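Please open the structure in your viewer with the cartoon display on, and keep the selection box within reach. We will go from the overall layout to single residues, one stop at a time.

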Amino acid sequence: HSHTHRCDMTRIDGGHLGPTPSTDLNNAWRAAKGPRIVWMDDVGCENWNCLRPSEVWVAAVGAGVGRQQVCHVQDASHGFCVGFFAAGPADASSEG
């Protein structure tokens, strides 16, 4: 699947269960170009809706896919992390 749109910043507020958070983050990484800022919601909090997104975020940072800058937990059901994606496929492709 080829992405034609490239994103300087991506905010992910997607699914909370199964493979969806991982798919959302991977799709955002594939489309990222330029500053590659990524904001992922429902990370760091303790409620059910935060468990899988938090696992995915931590794994991505641990694997070097992203670099975490800041996280903020608002309450048990709401939190987010912001960081930068490592270079991805969009950075290697030519546009024009």
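Colour the chain by secondary structure and follow it from its start: along the sequence, the protein has the pattern β-α-β-α-β-β-α, which amounts to three helices and four strands. Here helices (H or I, at least four residues) and strands (E, at least two) are DSSP runs, numbered from the N terminus. This is a predicted model, in which local features need pLDDT of at least 70 and side-chain atom pairs count only at pLDDT 80 or more, while totals for chains, interfaces and linings use all residues. Residues are numbered from 1 along each chain as its sequence is written, and side-chain values use heavy atoms, with hydrogens and water left out.

**The sheet**

Now select the strands alone and look at how they lie side by side. In which order do the four strands form the open sheet? The order is β1-β2-β4-β3, and the pairing is mixed; two strands count as paired if DSSP finds at least two bridges between them. At the edges are β1 and β3 (66–75), each of which pairs on one side only. From one strand to the next, the twist averages 15 degrees.

Select β2 (residues 32–41) together with β4, and you have an antiparallel pair with five bridges. Within this region, Ile 37 stands opposite Phe 84 of β4. Then add β3, which runs antiparallel to β4 and is joined to β4 by eight bridges; the two form a hairpin with two residues between them. To see one of these partnerships, display His 72, whose bridge partner in β4 is Phe 80. While the side chains are on display, keep in mind that in a regular strand they alternate between the two faces of the sheet.

Next, bring back α1 (20–31), which lies across β1, β2 and β4 and runs at about 160 degrees to β2. Such angles run from 0 to 180 degrees between N-to-C directions, the axes being lines fitted to C-alpha atoms, for helices over the stretch in contact, where contact means heavy atoms within 4.5 Å.

**Two salt bridges**

A search of the whole structure finds two salt bridges, each defined as a side-chain nitrogen of Lys or Arg within 4 Å of a carboxyl oxygen of Asp or Glu. For one of them, select Arg 11 and Asp 41, whose side chains meet at 2.5 Å, N to O. This pair links distant parts of the chain, since Arg 11 is in strand β1 and Asp 41 in strand β2, 30 residues apart. Are these residues buried or exposed? Arg 11 counts as exposed because its relative accessibility is 51%, whereas Asp 41 counts as buried because its value is 10%; buried means under 20% relative accessible area, exposed over 50%, and partly exposed in between (1.4 Å probe, protein chains only).

For the other, go to Glu 55 and Arg 52, with their closest N and O atoms 3.2 Å apart. Because they are three residues apart in helix α2, about one helical turn separates them. Both are partly exposed, Glu 55 at 46% relative accessibility and Arg 52 at 28%.

**Two backbone angles**

Most residues other than glycine have a negative phi. Select Arg 36, found in strand β2, and you will see a positive phi of about 60 degrees although it is not a glycine. Move on to Asp 42 in the loop between β2 and α2, which also has a positive phi of about 60 degrees without being a glycine; at 9% relative accessibility, Asp 42 counts as buried.

**A loop residue and its partners**

Select Ala 87, in the loop between β4 (78–85) and α3 (89–92). Which residues does Ala 87 contact, leaving aside its neighbours within four places in sequence? They are Trp 29 and Arg 36. Although Ala 87 and Trp 29 are 58 residues apart in sequence, their C-alpha atoms are 8.4 Å apart in space. Ala 87 counts as exposed, because its relative accessibility is 55%.

**The whole protein**

Finally, select everything. Of the 96 residues in the protein, 31% are buried. Among contacts with a separation of 6 or more, 68% are between residues 24 or more positions apart.
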